Amino acid sequence: MLETPSVRPSPSSRRDAATGSADCEAGRTAEPLKLAIPPPSEAADQDREWCVVATDAGWKQVRFHDYAAIYEIPGLYERLFCDVLHCDSPRTVVRELANSAGGSLSGYRVLELGAGNGMVGEQLRAHGARDICGLDILPQARAAAERDRPGTYADYVVGDLTRPTPALRQRVLERQFDALVCVAALGFGDIPPQAFRAAFGTVRNGGLVAFNIRDKFLTAGEHSGFSRLVDELQHDGRLEIVRRHEYVHRRATTGAPLNYVAVIAKKQSNGVNRRARN
Ligand SMILES: C[S@@+](CC[C@H](N)C(=O)[O-])C[C@H]1O[C@@H](n2cnc3c(N)ncnc32)[C@H](O)[C@@H]1O
């Protein structure tokens with residue numbers, strides 16, 4: 001049995017007094033989409049959650065992690081994640097990044113990994129960034145960003161950093177960025193550690209790295225490899241964590257909080273094993 005969620009205005013659908021922006025506003029349909037989620041008794045793991053959404057062809061079942069299917073339905077990403085599940089991560093992570101950059105991202109060249117339909121790009125622009133390169137593995141993500149938030153990205157590349165094409169090398173890997181941002185795209189079989197490492201390589205010495213990840217993926221012995229990667233980069237002095245913010249990324253369909261960590265770090269490319277030298 002399914003239940004229609006009670007939809008309350010989420011914090012993320014209100015205007016942001018600090019930036020004047022309103023994430024989740026772009027991309028909305030004139031009439032709110034009708035959707036329903038399973039009752040709490042049918043709880044599923046985060047990577048198996050699903051909903052049904054009313055389309056012209058009838059009700060359609062969509063897994064939350066089937067991003068291609070979600071992006072193809074205008075407004076579904078915003079309706080589901082912002083309104084119903086109260087996700088505020090694009091604003092949270094970018095706000096932490098901007099604070100660490102001294103309040104503004106003006107003049108920053110930013111690489112956004114796992115850019116999706118542009119909600120994070122919208123926040124980056126609200127904080128002053130203009131030279132933003134989006135990167136996503138799905139062509140549907142770029143199409144949705146162009147449909148819902150045209151002009152947000154100076155460039156938007158579709159590709160896989162673990163198998164770079166000449167175009168991906170030229171437009172991403174051979175560039176140098178002042179900041180790397182990755183929101184809601186690590187762990188759960190999305191962006192693998194090798195791809196994150198390749199993106200990290202494009203950040204200039206002293207540049208900033210901002211990402212969020214479910215807390216369990218940063219605990220020792222977890223299987224995604226992120227905890228090991230972060231430990232390794234910290235240990236050899238290339239990643240200096242400047243801010244760690246624990247918060248609720250969104251609600252599960254049961255209403256339970258999904259706890260994430262937002263990490264803001266500085267890249268030190270010449271920091272070869274400082275601890276070992278001490
Ligand atoms: C939950 S969405 C987050 C989108 C956006 N960052 C946001 O917060 O609204 C995760 C995104 O990561 C992308 N993704 C998954 N694996 C990827 C990979 N290997 N390389 C680049 N993008 C990837 C997905 O296609 C999807 O658009």
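In what order do the three strands of the open sheet stand, and is their pairing parallel or antiparallel? In this predicted model, the three strands follow the order 1-2-3, and their pairing is antiparallel. Strand 1 (35-36) and strand 3 (58-63) stand at the edges with a single partner strand each, so one side of each has no neighbour in the sheet. Strand 2, which covers residues 50-55, is joined to strand 3 by six bridges, and the two run antiparallel. Within strand 3, the residue that stands opposite tryptophan 50 is arginine 63.

**The protein as a whole**

The secondary structure comes to nine helices and ten strands. The protein has 278 residues, of which 41% count as buried. Among the contacts with a separation of 6 or more, 66% are made by residues 24 or more positions apart.

**Strand 7 and its partners**

Strand 7 (residues 177-182) is mostly covered, with five of its six residues buried. This strand pairs in the parallel sense with strand 4 (residues 109-113) over three bridges, and it also pairs in the parallel sense with strand 8 (residues 203-214), here over five bridges. Leucine 180 of strand 7 stands opposite leucine 111, and leucine 180 also stands opposite valine 209 in strand 8. From strand 7 the chain crosses through helix 7 (residues 193-200) to strand 8, a β-α-β crossover that is right-handed.

Helix 7, the helix of this crossover, has buried residues at Ala195, Phe196, Ala199 and Phe200. Seen down the helix axis, the buried residues of helix 7 fall within an arc of 145 degrees, so they line one face of the helix. The general rule behind such a pattern is that an α-helix has 3.6 residues a turn, so residues three or four places apart point the same way. The buried residues of helix 7 are covered by elements including strand 4, strand 7, strand 8, helix 8 (226-235) and strand 10 (257-267).

**Helix 4**

Which residues of helix 4 are buried? They are Met119, Val120, Gly121, Glu122, Gln123, Leu124, Arg125 and Ala126, and since these make up eight of the eight residues of helix 4, the helix is largely enclosed by the rest of the structure. The list includes Glu122 and Arg125, which count as charged residues. Among the elements that cover the buried residues of helix 4 are helix 3, strand 4, strand 5, helix 5 (139-148) and strand 7. Helix 4 is followed by glycine 128, which has a positive phi near 105 degrees.

**The surroundings of the ligand**

Around the ligand there are 21 residues, and those that come nearest are Gly114, Gly116, Ile137, Ala185 and Asp190. Helix 3 (89-100), helix 4 (119-126) and strand 5 (131-136) are the elements that give two or more residues to this shell. By character, the shell divides into 15 nonpolar, three polar and three charged residues.

**Loop residues**

Most residues other than glycine have a negative phi. Histidine 86, although not a glycine, has a positive phi of about 55 degrees, and phenylalanine 188 likewise has a positive phi, near 55 degrees, in a residue other than glycine. The table sets these two beside arginine 48, giving for each the loop and the number of other C-beta atoms around it.

| Residue | Loop | Exposure | Other C-beta atoms within 10 Å |
|---|---|---|---|
| Histidine 86 | between helix 2 (76-84) and helix 3 | partly exposed | 19 within 10 Å |
| Phenylalanine 188 | between strand 7 and helix 7 | partly exposed | 16 within 10 Å |
| Arginine 48 | between strand 1 and strand 2 | exposed | 10 within 10 Å |

For histidine 86, the reasoning rests on a cut-off: a residue is buried if 20 or more other C-beta atoms lie within 10 Å of its own, and histidine 86, with 19, is therefore partly exposed. Arginine 48, with 10 other C-beta atoms within 10 Å, is exposed.

How many residues apart in sequence are arginine 48 and phenylalanine 188? The two are 140 residues apart in sequence, while in space they are 10.0 Å apart, C-alpha to C-alpha. This pair links the loop between strand 1 and strand 2, where arginine 48 lies, with the loop between strand 7 and helix 7, the place of phenylalanine 188.

Terms used
Residues numbered from 1 in each chain as written. Predicted model: local features only at pLDDT ≥ 70, side-chain atom pairs only at ≥ 80, totals over all residues. Pairing = 2+ DSSP bridges. Helix = DSSP H or I, 4+ residues; strand = E, 2+ residues; numbered from the N terminus. Near = placed C-beta within 6 Å. Buried ≥ 20, exposed ≤ 12 C-beta atoms within 10 Å, placed from the backbone. Right-handed = clockwise from strand over helix to strand, strands pointing away. Arc of directions from axis to C-beta. Contact = placed C-beta atoms within 7 Å.
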